[in-house]
Amino acid sequence: PTAAENANLTDGFHVLVQSLLKNNLDKMYGVIGIPVTDVARIAQAKGIRYIGLRHESDAGNAAAAEGFITGKPGVYLTVSAPGFMNGLIPLKEATENGWPVIMMSGSSSRELIDMGEGDYEGMDQLNYAKPFSKAAYRVDKVEDIPLVVARAIRAACSGRPGGVYIDLPGDTLGQTIDATVAEGLLYQVNDPAPAQIPAQSVIDGAMELLASAKKPLVYIGKGSAYAQCEDEVKQFVESIGAPYLAMSMAKGVLPDNHPQNAASARGMTMREADVVVLLGARLNWMLNFGKGKHWNENVKFIQVDIDPTEIDNSRSIAAPVVGDLKSTVAKFNEYLATHPYHADPAWLEAIQADSAKNNARFSGAETADTVPMTHYNALGAIKKVTDANHDVYIANEGANALDDCRDIIDMYLPRHRLDCGTWGVMGVGLPYAIGAAVTTGKPVISIHGDSAFGFDGMEVETICRYQLPVTVVVLNNGGIYRGDFKNLGDDGDPSPLTLSACAHYEKLMEAFGGTGYYATTPTEVEKYVAAGVASGKPTMVCCELSIHAGKESGHITYLNPQPVTGPL
Ligand SMILES: Nc1ncnc2c1ncn2[C@@H]1O[C@H](COP(=O)(O)OP(=O)(O)O)[C@@H](O)[C@H]1O
Ligand SMILES: Cc1ncc(Cc2csc(CCOP(=O)(O)OP(=O)(O)O)c2C)c(N)n1
Ligand SMILES: [Mg+2]
């Protein structure tokens, strides 16, 4: 083509970037390389904030954090084959969590793959992506790029949100197209997650069942946090005067210090409740599948979920309510305005009494000044900082480091806590902290067990490179679960799994220009974490705990199959 004709040409790279910007997707996480380096370069040049991480699994989890916090899909970019494979892990994790994320990977021409000719990083990526995603698309023509971006946004955000894959052959990125034609093809997706309002008869039926309850319970799941329906949920819970329980990433939908929070009497509340309203919480392993001794044998469930097949997933549901949470809880409140219902105050009072008893049992461990520290008093010290800074985001992972942090650190705002999630995944803490810091610009405290931190500790360099306001806290008990953990069959030698409880993780932060602190007492933990949050700069606080602190697998030891033969 002549220079003049060239002047009005554009290409796949530019059409992709314009399609993202047309839909206000203005961030991209990733690891660049052949054939997608220029996707990142042009994205940056056109105003997309590109964040380069040290591993594609971290890029995907940082993007997923953005999806959970904002409701818009996070976007991440990988190279072909090995980069694609690393990116599959967070794609599946986001799909398990129900968070919207879009993974874009460079890929090979179809004929080279289909003929098995052995292309550079050649792999049938589209087909490998399908089992690990909510939806997967491949775009072979430049004029289809605006459509594939639109389809990916809708697939990621509608219904139960999830991970979507876009397969980007290098050939397609290099295809040219008349710029005016391309401009005409761009479009902004209309309402990718439209309201889904249940029939009035369904609302009435559910509320009539609730009105029959002697001991109602509201269970708030991360679906409610994601759905941004905290106002509707607050009105609902407070109008019926029922106790509620919040799953870990629903903490903050109502402030954890709310008088109706039954967290400290969880066992008794679940055993006695006769009608349970599930608001975006699955009856999966985390809720014992809604069966067995943890629940009242006559319990009836009112289940609100946007995914119809989630109903009857593990047991019969008396009142299935399929719809989006924001619309549905608003309809509940509308019904209750003309058909008021209030639980018997004695039920909540009994729970509050049980809570006070249980809190008294544990509060000593959190405020003890004992050294070496345990998870309890190290976290009790951090709680003083988070109670004074409600707008701090928390990323959290580990076993004891996760379970004890969930129980001890109160959350006051929704979508401010990101943790191992439905699959209990290690190695998400740092990328979630990066995603939260990039998305919100607010201070983040990431709280890791020492083993969990090790999965992707190199992202400390990313945090420093972008000067993100993240205070990384390592609760170091010297091992996976703890430092005196013994492998089966050890003759007493320290387990090869034992790391070191007095290792100086904070040197890693110092190596990249951040501020490192080493804490051996709760007073030091509080001082250093507060300094990190106030600085708004990359900081790490390495906390030396006892090697005996913690239990194998934390609070879910019971899930371990027990060896019945041979020495323990
Ligand atoms: N906007 C929404 N409206 C209704 N349900 C939703 C919405 N977004 C997500 N969900 C549902 O919320 C549920 C979240 O459950 P889960 O991830 O198990 O939460 P938790 O782990 O906190 O119990 C999922 O079944 C998902 O389909
Ligand atoms: C991707 C992946 N690989 C392994 C595992 C299995 C596991 C669950 S918890 C954990 C680390 C526990 O040790 P940590 O020191 O972090 O915490 P603490 O209890 O306070 O000592 C592992 C390895 C999981 N869940 N995900
Ligand atoms: Mg540990």
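**View 1. The shell around ligand 1, sorted by residue class, in a predicted model.** Seven nonpolar, seven polar and seven charged residues make up the shell around ligand 1. This shell has 21 residues, of which Arg160, Lys222, Arg282, Asp305 and Leu325 come nearest to the ligand. Helix α12, which spans residues 222-226, contributes three residues to the shell, and this is the most that is given.

**View 2. Side-chain contacts of Arg282 and Asp305 with ligand 1.** In the side chain of Arg282, an N or O atom lies 2.8 Å from an oxygen atom of ligand 1. In the side chain of Asp305, an N or O atom lies 2.6 Å from an oxygen atom of ligand 1.

**View 3. The backbone contact of Leu325 and the cover of ligand 1.** Leu325 takes part through its backbone: one of its backbone N or O atoms is 2.9 Å from a nitrogen atom of ligand 1. On its own, ligand 1 has 580 Å² of accessible area, and the protein covers 95% of this area.

**View 4. The coordination of the magnesium ion (ligand 3).** Three residues coordinate the magnesium ion: Asp450 through OD, Asn477 through OD1 and Gly479 through O. The distances are 2.1 to 2.2 Å. Along the chain, the donors of the ion follow the spacing D-x26-N-x1-G. Asn477 and Gly479 are both buried.

Methods. Residues are numbered from 1 along each chain as its sequence is written. Chains are lettered from A and ligands numbered from 1 in the order in which they are written. This is a predicted model: local features need pLDDT of at least 70, side-chain atom pairs count only at pLDDT 80 or more; totals for chains, interfaces and linings use all residues. Side-chain values use heavy atoms; hydrogens and water are left out. A residue is near a molecule or strand if one of its heavy atoms lies within 4 Å of it. A polar contact is a pair of N or O atoms within 3.5 Å; within protein, one must be able to donate a hydrogen and the other to accept it, and residues adjacent in sequence count only if both atoms are side-chain atoms. Accessible areas come from the Shrake-Rupley method with a 1.4 Å probe; for residues, only the protein chains shown count as cover. Helices (H or I, at least four residues) and strands (E, at least two) are DSSP runs, numbered from the N terminus. Ala, Val, Leu, Ile, Met, Phe, Trp, Tyr, Cys and Pro count as nonpolar, Asp, Glu, Lys and Arg as charged, and the others, Gly among them, as polar. Donors are N, O and S atoms within 2.8 Å of the metal (3.2 Å for Na, K and Ca); water is not among the atoms, so sites may look incomplete. Buried means under 20% relative accessible area, exposed over 50%, partly exposed in between (1.4 Å probe, protein chains only).
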